[in-house]
Structures are given as C-alpha cells and as structure tokens.
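Work through the exercises below with the sequence and the structure side by side, and try each task before reading its solution.

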Amino acid sequence: MGTKGKIIKCKAAIAWEANKPLSIEEVEVAPPKDHEVRIQIIATALCHSDAHILHPQFEGGVFPVILGHEAAGIVESIGPGVTNFKPGDKVIPLHAPQCGKCKFCLSPRTNFCGKLKHFKNPMGDQKLMEDGTSRFTCKGKPIYHFMGTSTFSQYTVVSDVNLAKLEDDANLERVCLLGCAFSTGYGAVINNAKVTPGSTCAIFGLGGVGLSAVMGCKASGASRIIVVDINSEKFTKAKALGATDCLNPKDLDKPIQEVIVEMTNGGVDFAFECVGGAKIMRAALDSVTVGWGVCTIIGVNVGDNGLNVSAMELLMGRTLTGTSFGGWKGVTSVPKLAADYKNKKLDLDALVTHTLPFDKVNEAFDLMYQGKSIRTVLLF
C-alpha cells in the first residue's frame, strides 16, 4: 500500500466531552512506531463500556477521545520490531493485551497482562501508546486512545500485543464481536465459572454478554438455564439459544432471587450478573445455593456504590467472583474462537440485530440506550 510511513487522513468519531453525542471528524493517524501496527477498521460494534466513558459520573475518563473496542480490520502497515503481523493480515484489536512475558501472562490462572497499570479501572488505561503519546490528531489537537484500541476510526494504531491474527477467510462483520461481547459472556461460563454438565444456571441481563453466557451454559451441558431481563422481547432469542426459563422481574410479586430459589429447590449452582449495579449483583448472589453456588460478576454500572457482603454469606459455601474478557488470553485464544465460528460451533449471527454505516454511530448508541438492539455493527 502506498500509505506506509505516511500520515493517513480518515474519518473517526470523536468524543469531545462527556454526555454529548460523538462528532464525525477528519483525523490524522500517524504511522506505527516500535512494536505498533496500523489497522484499517472494517467493522466495529459498540458496547456499554464505550457509553460508560461518556457518563458524567465516570471517573478516569479523558477527552477528547476516540472510543471503540469491539472491531475487526486489516493490517495496513507495521512498525519496527513487529514480527507476528504483515500488511493484509485480518486482525482483531484487543483491549486485553497479552505480552506473553509478564508474571500474569506466564500464569495459567489469569488473562491479565502487566501492560495494564490501572487494575482499579482498566477502562481508563491504555489511553496513550507506550511512548506516552497519541497517534491521533484532529484540528491540531492530540486525541486520546481508548483501551489501546480506538476502533471508532477508519484507521487506528495498536500495540502488537493488543492484536489477534485471524485466518484470511474470516468474516470481519461477525468476528468483530469476539473483541468484547461474545468472548466476555461465553468465557465467563467456560473459563471462569467452569459450568458443569447437568447444573442449573441463572443469567441476569440479556444483552450481547448475557446472551453469550446463555450459549456458554448450553455448550457446557447445563440442565436448566434461567434468564432474567426487564425486556420480555428478548426472551424469544434467549430460548432459541438455550434458555429454559424466562423471568421478567416486572411481572413478579416478589424479589427475583426468591422466585429463583423456589424454582430450583434452594438456588442455582451458577449465576452470572451481566448488567451491573448493587441491586442486581445482590439478586444474583442471593440466587445461588449454599454449599457450592458460584456467582460471577460481569456487568459494570457507572456511579454504583458496590455490594455489601457479609462474612456469613461466604462462610456458607457461596463463591463471589468476577471476570474480565471472559478469562481469555486474547492473542492466543481469539483466533481459535474465530475458527469455531467459521466451523459453525458458535453463533455470533444471533447477537447482531442491526448493521449501519459508521456515520450513524450516534443512532447506534440510541438503539442501545433504548434496549432495541443487542449488537449493532457499524461498517466503514
């Protein structure tokens, strides 16, 4: 390509400040530096994590910033020292890096990486490249990166440890969901909770992550998959993916956890909280059985005060745990997930409810806020 080593001018959606729509602008994207890769983004979805940064109560957000972290594209050029990628490769940018060298990467017990510095708030991490500068400029101003990915731009620059290589025939309009939603929900079940055949499960929230958790429970051989959402329109799809019971808290005359405990003779074996917020976290924890029940927290809610847990609840054999990116080590695992989708072992198509041109990114946010979409894929 004739753009190697040159600044590329392209279209991007910039968040200039909190609580305001994104602005489609022309940006300048600098060439990649050492161990960096410049990518042409083909398809990008949006996620509540992108919206969290725009929330006025979010702590750690910086502006102006190019959001986006669930995407797929093609390598345009590589910087010095990059050996695993070449121009033309199909790739998925990863907000969860995998350097392969730190104590976290060398441990099979986690998918964290020492490249991340702010474990208290990873969404505020990776806002600049390793040298402390940005590769984006707009109207003469440097623009912050987001989670090391910034996929709301026709071209972006990422570290070579924040990138998964795909097969040449990968369907980028679908495997982009492996950058966050599907991997997070499915992996929470498979890798973190390790749901067992014949077990009972409850899933709170039926967005992209929750529905992916349903697929994970089905694949794990769960005998009963109870799903909870305040939007009953999502139940048809949940049942098609494996849900056995659908509950809308608005239709019940007692707390949802009490209903689940009664339905399951004491509580489920596994619960997955895919929304965020103390009230729903409490309901999920209360819905698991004493003795061995595992409650996995996946959702995050901005401005939430957290969950109060008594020692006795945990002494009675319940486990409260959490997951980030479904426990996957992205560089090595995401290509395998993409291959599983190609071989029809995974259903990413079920998660995509809308496909829009990139210019309609704000319309996609509205669909998400209104609960009308599961995943919207934006195409450049």
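**Exercise 1. Backbone angles in loops**

Is Asn 19 buried or exposed, and what is its relative accessible area? Decide also what sets its backbone apart, and look for a second asparagine of this kind and for a cis peptide bond.

*Solution.* Keep in mind throughout that the model is predicted. Begin with the place of the residue: Asn 19 sits in the loop that runs between β1 (8–14) and β2 (23–29). Its relative accessible area is 57%, and because exposed means over 50%, Asn 19 counts as exposed.

Next comes the backbone, where Asn 19 has a positive phi of about 65° although it is not a glycine. As a general background, most residues other than glycine have a negative phi, and most peptide bonds are trans. The second asparagine is Asn 265, whose phi is near 55°, again a positive value in a residue other than glycine. Asn 265 belongs to the loop between α6 (256–263) and β13 (270–273), and with 76% relative accessibility it counts as exposed.

The last step concerns the peptide bond from Phe 63 to Pro 64, which is cis, with omega near -5°. Pro 64 is found in the loop between α1 (48–54) and β4 (70–78).

**Exercise 2. Cysteines without partners**

Determine how many disulfides the structure holds, and check the surroundings of Cys 138 and Cys 295.

*Solution.* A disulfide is a covalent bond between the sulfur atoms of two cysteines. The structure holds zero disulfides. For Cys 138, the nearest cysteine sulfur belongs to Cys 10 and is 10 Å away, whereas the cut-off for a disulfide is 2.5 Å. Cys 138 also counts as buried, because its relative accessibility is 1%.

Repeat the check for Cys 295, whose nearest cysteine sulfur, that of Cys 274, is 9.9 Å away, and which is in no disulfide. Cys 295 is buried as well, its relative accessible area being 0%.

**Exercise 3. Aromatic pairs**

Find how many aromatic pairs there are, and describe the two that involve Phe 365.

*Solution.* The count comes to five aromatic pairs. In one of them Phe 152 and Phe 365 meet edge-to-face, with 6.3 Å from centre to centre and 90° between the planes. Phe 152 lies in the loop between β7 (141–143) and β8 (155–159) and Phe 365 in helix α10 (residues 361–369), so this pair ties together parts that are 213 residues apart in sequence. Phe 152 and Phe 365 are both buried.

In the other pair Phe 365 and Tyr 369 are tilted, with 6.0 Å from centre to centre and 35° between the planes. Here both residues lie in helix α10, four residues apart, which is about one turn of the helix. Their accessibility can then be read step by step: Phe 365 is buried, with a relative accessible area of 3%, while Tyr 369 is partly exposed, with a relative accessible area of 48%. Finally, ring pairs join Phe 152, Phe 358, Phe 365, Tyr 369 and Phe 380 into a cluster.

**Exercise 4. Cores and domains**

Which residues of the largest nonpolar core touch the most other members, and from which domains does this core draw?

*Solution.* In soluble globular proteins, nonpolar side chains tend to be buried together. The largest nonpolar core here has 54 residues, and Val 175, Leu 178, Ile 203, Val 227 and Phe 272 touch the most other members. Helix α4 (residues 208–219) provides the largest share of this core, six residues. At least three residues come from each of domain 1 (184–326) and domain 2 (348–379). Apart from this core lies another, of 36 residues, including Ile 66, Met 123, Tyr 155 and Leu 378.

Turning to the domains themselves, the centres of domain 1 and domain 2, taken over C-alpha atoms, are separated by 25 Å. Ten residues from domain 1 and six residues from domain 2 take part in the contact.

**Exercise 5. One loop asparagine**

Which residues beyond its neighbours within four places in sequence does Asn 231 contact?

*Solution.* Asn 231 lies in the loop between β11 (224–228) and α5 (235–241). Once those sequence neighbours are left aside, Asn 231 is in contact with Asn 248 and Gly 371. The side chain of Asn 231 reaches the backbone oxygen of Gly 371 at 3.4 Å.

How values were computed:
Residues are numbered from 1 along each chain as its sequence is written. This is a predicted model: local features need pLDDT of at least 70, side-chain atom pairs count only at pLDDT 80 or more; totals for chains, interfaces and linings use all residues. Side-chain values use heavy atoms; hydrogens and water are left out. Helices (H or I, at least four residues) and strands (E, at least two) are DSSP runs, numbered from the N terminus. A polar contact is a pair of N or O atoms within 3.5 Å; within protein, one must be able to donate a hydrogen and the other to accept it, and residues adjacent in sequence count only if both atoms are side-chain atoms. Contact means heavy atoms within 4.5 Å. A nonpolar core is a set of buried Ala, Val, Leu, Ile, Met, Phe, Trp, Tyr and Cys residues joined through side-chain atoms within 4.5 Å. Buried means under 20% relative accessible area, exposed over 50%, partly exposed in between (1.4 Å probe, protein chains only). Domain bounds come from an automatic or database domain assignment. Rings of Phe, Tyr and Trp (its six-membered ring) pair if their centres lie within 6.5 Å; planes under 30 degrees apart count as stacked, over 60 as edge-to-face and the rest as tilted.
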